[in-house]
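Here is a short briefing to keep beside the structure as you look through it. It goes topic by topic, so feel free to jump to whichever part interests you.

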Amino acid sequence: MVKHQPLQYYEPQLCLSCLTGIYGCRWKRYQRSHDDTTKLSWSPFRLWKGSELSLDQRIPDPVQWERLWFLILTSSFFLTLVWFYFWWEVHNDYNEINWFLYNRMGYWSDWSIPILVTTAAGFTYIAMLLILALCHIAVGQQMNLHWLHKIGLVTTLITTVVTMSSIAQLWDDEWEMVFISLQATAPFLHIGALAAVTALSWLVAGQFARTEKATSQMLMFSAYLAVVVALYLVPLTISSPCIMEKKALGPKPAILGHRGAPMLAPENTLMSFQKAVEQKLYGVQADVVLSYDGVPFLMHDKTLRRTTNVEEVFPERAYEHSSMFNWTDLEKLNAGEWFLQNDPFWTAGSFSRADYLEAANQSVCKLEDMLEVIKDNTSLILNFQDLPAAHPYYSTYINITLETILASGIQQQAVMWLPDTERQLVRQVAPGFQQTSGLKLDAERLREKGIVKLNLRYTKVTSEDVRDYTMANLSVNLYTVNEPWLFSILWCAGVPSVTSDSSHVLQKVPFPIWLMPPEEYHLIWITSDLISFLVIVGVFIFQKWRLGSIRTYNPEQIMLSAAVRRSSQDVKIMKEKLIFSGSGDAQQGSGFSALCTDRAKRQLCLLCEMPARGGENQDQVDATCWDRVAAQHLSSPSKGEAPGITSLLSLPFPEINNGVETTDELSFCSENGFANEMVTPTDHRDTKLRLS
């Protein structure tokens, strides 16, 4: 048996080691997976004896599994991307989501931010794994996703699917937000997607150049071309109301405060409506309930639990309907401390000390007190809660509320009457009220019912609906609009007014966030597509020129550093030092096993005029053949030396030397591990052989 000292030293490549280490926990060059099947399947000796194996045996099972994991990873990336985009865009409705979950769970908590942070973390994790996987493909490394990452990937995927399904079942209307948001983001998302696919051309072109089979090349190129062409044509399907001429832009929508100014004070309190009046809003919206003793007051929820301290003052009555309390009991409740404790809009921290103390001392607000604050210059949308059948004023609460409104002195034209109950009575008592409907009906039916205004959720109305209602002389108010980008879209769509929690923010929006003439958008579209096309063509040509001579591709190749440029004398010396060595023992395999391809094997046997055949004696044939070639191309090899001591580049192997001019371009196969280091030959003085 021949033993020898290593004739190369391996210069560490930090980036490559980090790449394989983070993705598959393969930090060292010779570190392999602990899975025995991986070792066996990727063994060069097994791949060498391909003639003895079936087609299924020649394709390593771990490679098939890694391809499946890559497919799962890619699918998970797009799924988490959609979910992250959805949850980011529904920021407009975070408070509504929290209120929805409060009614389901029975206690208040801000669920929106934890869900957003978790979603962002999951998406970032999946995106990082996908980038690492693509880098593996780009540098020719075998993908071997670590089992911890597999657990993390499956956990993230299952969590995302379950959460998305839950939202779809419990709150399916919210998915309309995605389509509305695309009216604001689609032109920019298109450019971003185009840039990503264009950058991906480097990887696709590299794989295309390395692939030998024309069929595989055509499939790869066709799939990529289909994606690129689809992206080029996507703008044909993009429709946004903000793609319009500036002169066609209508007036800024009027803003109504939702329950006053709920980001600046506790909702439906006197302080909240005072803040709305200070902002000089067009109007406010309020929810009216009648107390057990016939006093109209403001409360949105059916119970007092969320917005008062009823659980402390009247713990045994905490779950009773708010209308079943007398006004004397309601006056004892605090309606501001919950706001400072829960901070539903993350704004309480910015309060001045005076505002903080005022908010902490708010009480349940009477309708009469609120009307006194807003009656001069502010419009009002009134909504009502249905009373329990046991309420003493169940059949007359409309009359009591009308009397309170008319007695306040507010102009009738400023009141938008929303309830459908007793509309005929309301028309008789207060003919100046603007009859408003919360149902989306066709314009003709609405006019027949005497409706002059609509109050709808923004997800229920399209730009075409707004246009049709405007032509029918019907005004549309949409709720609840909090984000400037959504306000901008509705502004471009011609919406007359919106109800908002963030009225103080929308008041400062002087112009739509973006407004683009169609000609300008078409120019950007065509220019970006043209630049992308030229870059992709250039990348394919360059990759074909760069990799065209390297036809064989091994995921476990070890490459000499292309970054180190040496003189011709150094290259000549390196050629003389590149030595493969092995044992003639049939069980150990021949030194020629590093050549890794049947074609190279056949060419070697042609040199020594011996047949290339498989079977148990093939290793012996290889060893004998190797001795013959070494004897012809080396100066007086010593008898008994290890077969395989030869200068690789000096041998006439077209399979290896074709197109290889310098050692910087040489790649060869590894029997022991992954290609995580550069190989640098040692000096002549370090070349020692020992026989044992």
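The model shown here is predicted. A good place to start is strand 4 (residues 283-290), where eight of the eight residues are buried. From there the briefing moves to the neighbouring strands, the nonpolar cores, a pair of crossing helices and a few individual residues.

**Strand 4 and its partners**

- Strand 4 is mostly covered, and its residues alternate in direction: Gly283, Gln285, Asp287 and Val289 point one way, while Val284, Ala286, Val288 and Leu290 point the other. Residues on both faces are buried, Asp287 and Gln285 among them.
- Strand 3 (residues 254-258) runs parallel to strand 4 and is joined to it by three bridges. In this pairing Leu256 sits opposite Gly283.
- Strand 6 (residues 379-384) also pairs with strand 4 in the parallel sense, here over six bridges. Two facing pairs help you find the register: Ala286 stands opposite Leu382, and Val288 stands opposite Phe384.
- Strand 5 (residues 296-298) pairs with strand 4 in the antiparallel sense over three bridges, with Leu290 opposite Pro296.
- The hairpin of strands 4 and 5 has five residues between the strands, and Gly294 takes a positive phi near 85 degrees there.

**Strand 6 and beyond**

- How many of the six residues of strand 6 are buried? Five of them are, so the strand is largely enclosed by the rest of the structure.
- Strand 6 pairs with strand 7 (residues 415-417) in the parallel sense, over three bridges. Leu380 of strand 6 is opposite Val415 of strand 7.
- Leu382 is worth a closer look. Setting aside neighbours within four places in sequence, Leu382 contacts Ala286, Val288, Leu367, Ile405, Val415, Met416, Trp417, Leu418 and Pro419.

**Nonpolar cores**

- The largest nonpolar core has 96 residues, and those with the most contacts inside it are Trp87, Met370, Leu382, Ile405 and Trp417.
- Which element gives this core its largest share? That is helix 21 (residues 484-493), with seven residues.
- A second core, separate from this one, has 18 residues, including Leu73, Ala127, Met143 and Leu153.

**Helix 9 against helix 21**

- The axes of helix 9 (residues 176-210) and helix 21 come within 10 Å and cross at roughly 80 degrees. An angle from 65 to 115 degrees counts as roughly perpendicular, and the two helices are therefore roughly perpendicular to each other.
- Helix 9 contributes Met177, Ile180, Ser181, Gln183 and Ala184 to the contact, and helix 21 contributes Trp485, Leu486 and Ile489.
- By class, six of the residues in this contact are nonpolar, two are polar and none is charged.

**Residues around the strand 4 and strand 5 hairpin**

- Is His391, in the loop between strand 6 and helix 17 (397-408), buried or exposed? Its relative accessibility is 4%, so His391 counts as buried, the cut-off being under 20%.
- Leaving out neighbours within four places in sequence, His391 is in contact with Leu290, Ser291, Tyr292, Ser323 and Met324. Of these, Leu290 is the residue that stands opposite Pro296 in strand 5.
- Glu368 belongs to helix 16 (residues 367-374) and is partly exposed, with a relative accessible area of 49%.
- Glu368 and Val295 are 73 residues apart in sequence, yet their C-alpha atoms are 9.1 Å apart in space.

**Backbone details to check**

- A cis peptide bond joins Tyr479 and Thr480, with omega about -20 degrees. Thr480 is placed in the loop between strand 10 (475-479) and helix 21.
- Asn268 has a positive phi near 55 degrees although it is not a glycine. Asn268 lies in the loop between strand 3 and helix 11 (270-278) and is buried, with a relative accessible area of 3%.
- Glu422 likewise has a positive phi near 55 degrees in a residue other than glycine. Glu422 is in the loop between strand 7 and helix 18 (423-429) and is partly exposed, at 43% relative accessible area.

Terms used: Residues are numbered from 1 along each chain as its sequence is written. This is a predicted model: local features need pLDDT of at least 70, side-chain atom pairs count only at pLDDT 80 or more; totals for chains, interfaces and linings use all residues. Side-chain values use heavy atoms; hydrogens and water are left out. A nonpolar core is a set of buried Ala, Val, Leu, Ile, Met, Phe, Trp, Tyr and Cys residues joined through side-chain atoms within 4.5 Å. Buried means under 20% relative accessible area, exposed over 50%, partly exposed in between (1.4 Å probe, protein chains only). Helices (H or I, at least four residues) and strands (E, at least two) are DSSP runs, numbered from the N terminus. Contact means heavy atoms within 4.5 Å. Two strands pair if DSSP finds at least two bridges between them. Axes are lines fitted to C-alpha atoms, for helices over the stretch in contact, and angles run from 0 to 180 degrees between N-to-C directions. Angles under 35 degrees count as roughly parallel, over 145 as roughly antiparallel, 65 to 115 as roughly perpendicular and the rest as oblique. Ala, Val, Leu, Ile, Met, Phe, Trp, Tyr, Cys and Pro count as nonpolar, Asp, Glu, Lys and Arg as charged, and the others, Gly among them, as polar.
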